[in-house]
Amino acid sequence: MGVSKRMWAVDVEGSGKSPPEIVELAIAEMDNFKLTGRRMHWRFKPKNGISPIAARIHGIWDDDVVDAPELEDAADDILMWLEDRPIIGHNVKVEVDLLTEALSGWVPIAAYDTLRVARRLLPNEEKHGLEHLGSKLGLTASASKIAGGKAHSAPFDAVLSALLLEHMLRKRSEGDRREILLDADILGGAQGKLL
């Protein structure tokens with residue numbers, strides 16, 4: 001299975017409750033490992049509200065989403081954007097788990113984890129968290145300029161994940177990029193084997 005050059009960098013912010021619900025979703029398109037400028041951003045009103053702990057982290061409170069749709073009301077729109085494209089994200093398992101639960105029948109064709117890539121390509125870093133790497137590699141200001149906001153907002157984190165991937169793969173050969181991403185696919189190419 002080959003590695004698609006067009007993919008979505010994805011980030012979600014959750015309600016902090018059990019079961020978790022998506023409060024914010026952002027996607028940023030990448031083509032040949034560079035941001036294209038196409039982005040989408042949604043906020044949702046969770047059925048069970050937002051916990052104060054989660055709200056303090058991502059800055060979204062119940063009052064901020066009182067007039068927002070429930071995720072189910074935007075599911076068709078989200079699926080239209082995500083369909084038939086791999087996704088990338090930092091610790092992308094969170095996005096895969098929440099989105100597959102919320103979007104009935106959707107499974108990405110691949111889910112590349114920038115955390116796995118960072119651990120492999122930056123083994124001497126003391127921490128591999130997105131916020132730390134963005135700061136250490138000088139990517140935070142660019143992410144803020146492109147997406148606005150700050151760490152733990154879905155638009156910012158999606159863009160920062162994309163910039164991180166681009167930074168880590170920039171000087172790699174096409175063959176290296178392919179091998180690194182296939183290794184970072186948390187789905188293990190399962191979708192390609194099913195087709």
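Here are legends for three views of this predicted model.

**View 1. The whole chain.** The chain has 9 helices and 5 strands (DSSP runs, H or I of at least four residues for helices and E of at least two for strands, numbered from the N terminus). Going along the sequence, you meet them as β-β-β-α-α-β-α-β-α-α-α-α-α-α. The radius of gyration (taken over C-alpha atoms) is 16 Å, close to the 16 Å that the globule rule (2.2 Å times the number of residues to the power 0.38) gives for 195 residues, so the chain is as compact as a globular protein of that length. Buried residues (under 20% relative accessible area, 1.4 Å probe, protein chains only) make up 47% of the 195.

**View 2. Helix 3 and its cover.** Helix 3 spans residues 93-102, and its buried residues are Glu95, Val96, Leu98 and Leu99. What covers them includes strand 1 (6-14), strand 2 (22-31), helix 2 (71-82), strand 4 (87-89) and strand 5 (111-113).

**View 3. Helix 4 meets helix 7.** The axes (lines fitted to C-alpha atoms over the stretch in contact, with angles from 0 to 180 degrees between N-to-C directions) of helix 4 (residues 114-121) and helix 7 (residues 154-169) come within 10 Å and cross at roughly 35°. In contact (heavy atoms within 4.5 Å) are Thr114, Val117, Ala118 and Leu121 of helix 4 with Ser161, Leu164, Leu165, Met168 and Leu169 of helix 7. Sort these residues and you get 7 nonpolar, 2 polar and no charged.

**Small print.** Residues are numbered from 1 along each chain as its sequence is written. Local features need pLDDT of at least 70, side-chain atom pairs count only at pLDDT 80 or more, totals for chains, interfaces and linings use all residues, and side-chain values use heavy atoms, leaving out hydrogens and water.

Methods: Nonpolar A, V, L, I, M, F, W, Y, C, P; charged D, E, K, R; others polar. Buried < 20%, exposed > 50% of the residue type's maximum accessible area, 1.4 Å probe, protein only.
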